[in-house]
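The following exercises introduce a protein structure to a reader who has not met it before. Each task is followed by a solution that proceeds step by step.

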Amino acid sequence: MTVCLLLLSAVALTAAVPMPRALVRAAWPEREPVVGLWVWQCLVATVLLCCLTALTLGAAAVFQTVRDQVFAPAPPHVTAAYNLSAAPPWAVALTLLLACGAAWTTAMLARELFEARRRRGQARAHLRERAPDLPAGLGAARGPLLVLEDEYPDAWWMPGSPPQLIVTTGALHRLTDHQLDAVLTHERGHARARHDWLLHLSTALATGFPRVPLFTHFCDQTHRLVELAADDTASRRCGHLTTALALIELNQHRGVLSCASSHRLLGERVDRLLEPPARLDRRHRALTTTAAALVPLLPLLITFAPGLTALG
């Protein structure tokens with residue numbers, strides 16, 4: 001058990017400190033933001049899974065009741081292979097620390113979801129007071145769309161049940177039909193990929209553990225990469241130039257992204273659309289995605305190694 005706990009701690013520390021810093025310095029996530037988001041999620045999953053499996057092993061070593069529940073289906077020689085009866089004092093302290101971390105993580109996630117639901121409720125109540133009827137001809141062409149009477153040009157997707165796509169009359173007056181399609185496609189890209197859940201998760205982890213480099217970088221990069229991924233969705237449908245012009249028209253009076261949760265400069269997105277970077281080839285993309293998907297399996301392999309050896 002001691003070896004398993006040490007290996008899990010080493011994997012978690014490696015995934016939480018040096019790997020995020022190296023990934024932040026890499027240039028390829030800007031070329032493939034969807035793959036970049038997947039790699040970040042795999043790193044976070046690795047750390048969380050390491051902590052969860054270490055907590056399970058530690059609790060099984062410290063508490064007889066947990067041990068009986070976890071190893072109930074296992075043969076006696078498998079249980080003996082983990083040597084759970086000889087738990088060192090540091091393992092007890094680590095188990096208590098991990099238990100506190102798990103409770104804190106759950107509390108942060110619950111708080112973020114509660115706050116997000118409260119904000120959506122307030123925003124919907126405000127919209128019901130301000131939104132006029134949908135102009136003729138827009139609904140059938142662009143799906144569920146709510147037009148807000150406001151000279152300030154803006155468009156955004158409000159998650160919830162049901163989700164709502166919102167555009168202001170200022171945006172309708174400023175944008176051409178093709179540019180408006182690009183903006184709405186961008187927002188629908190967020191909705192189809194459920195980026196709101198990813199943003200909630202990254203925000204909760206960064207708020208709860210601000211000194212952990214992985215969670216801090218995960219939050220920053222998620223807010224950036226979801227915008228790039230949505231830009232790619234819009235550019236594939238409407239073209240790079242049209243999408244770039246739509247961003248300029250929609251944001252030129254403020255100079256930043258329209259998404260309130262992102263602080264990246266508009267110029268970086270426009271430059272990327274006007275000069276599309278070279279894509280990763282399919283083989284490189286497949287290898288990157290496969291490697292990222294296999295990373296979270298390390299904690300499970302480390303945890304089950306003694307049991308598999310005993311069975312062999």
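**Exercise 1. A glycine in a loop**

G160 has a relative accessibility of 36% and therefore counts as partly exposed. The model in which this glycine is examined is a predicted one.

Task: Determine where G160 is placed and which residues it touches, leaving aside those up to four places away in sequence.

Solution. Step 1: G160 belongs to the loop between β2 (155–158) and β3 (164–168). Step 2: With residues up to four places away in sequence set aside, G160 touches R120 and R124. Step 3: For R124, the separation along the chain from G160 is 36 residues, while the C-alpha atoms are 9.8 Å apart.

**Exercise 2. The chain as a whole**

Task: Describe the protein by its helices and strands, its buried share and its contacts.

Solution. Step 1: The protein contains 16 helices and three strands. Step 2: It has 312 residues, of which 42% count as buried. Step 3: Among contacts with a separation of 6 or more, 67% join residues 24 or more positions apart. Step 4: The exposed area is about 16,500 Å², and carbon and sulfur atoms supply 63% of it.

**Exercise 3. An annotated segment and a surface patch**

Task: State which residues the UniProt annotation "transmembrane region" covers, and describe the chain over residues 90–110.

Solution. Step 1: According to the unreviewed UniProt entry, the annotation covers residues 90–110 and 286–308. Step 2: Over residues 90–110 the model is 100% helix and 0% strand, with 30 Å between the end C-alpha atoms. Step 3: V92 is located in helix α7 (residues 89–130). Step 4: Because its relative accessibility is 31%, V92 counts as partly exposed. Step 5: Together with V62, F63 and L96, V92 makes a nonpolar surface patch of about 320 Å².

**Exercise 4. Salt bridges**

Task: Find how many salt bridges the whole structure holds, and examine the pairs E227 with R269 and D232 with R272.

Solution. Step 1: Opposite charges on side chains can pair when the charged atoms come close. Step 2: The search of the whole structure yields eight salt bridges. Step 3: One of them joins E227 and R269, at 3.8 Å from N to O. E227 lies in helix α12 (residues 213–238) and R269 in helix α14 (residues 266–274), so this pair ties together parts 42 residues apart in sequence. Both E227 and R269 are buried. Step 4: D232 and R272 form a salt bridge at 2.9 Å, N to O. This pair also links distant parts of the chain, with D232 in helix α12 and R272 in helix α14, 40 residues apart. D232 and R272 are both buried. Step 5: A network of salt bridges links E227, D231 and R269.

Task: For the salt bridge between D196 and R194, decide whether D196 is buried or exposed.

Solution. Step 1: The side chains of D196 and R194 meet at 3.7 Å, N to O. Step 2: The cut-off for a buried residue is under 20% relative accessible area. Step 3: D196 has 16% relative accessibility and so counts as buried. Step 4: R194, at 44%, counts as partly exposed.

**Exercise 5. The largest nonpolar core**

Task: Identify which residues touch the most other members of the largest nonpolar core.

Solution. Step 1: This core has 20 residues, and W40 and L214 touch the most other members. Step 2: At least two residues each come from α1 (2–16), α4 (33–62), α11 (195–208) and α12. Step 3: α4 gives the largest share of the core, namely seven residues.

Key. Residues numbered from 1 in each chain as written. Predicted model: local features only at pLDDT ≥ 70, side-chain atom pairs only at ≥ 80, totals over all residues. Heavy atoms only, no water. UniProt positions renumbered as here; feature names shortened; annotations may be inferred. Helix = DSSP H or I, 4+ residues; strand = E, 2+ residues; numbered from the N terminus. Buried < 20%, exposed > 50% of the residue type's maximum accessible area, 1.4 Å probe, protein only. Contact = heavy atoms within 4.5 Å. Areas by Shrake-Rupley, 256 points an atom, 1.4 Å probe, with all protein chains shown as cover. Patch = residues over 30% accessible without salt bridge, like charges linked within 9 Å, V, L, I, M, F, W, Y side chains within 5 Å. Salt bridge = Lys/Arg side-chain N within 4 Å of Asp/Glu carboxyl O. Core = buried A, V, L, I, M, F, W, Y, C linked by side-chain atoms within 4.5 Å.
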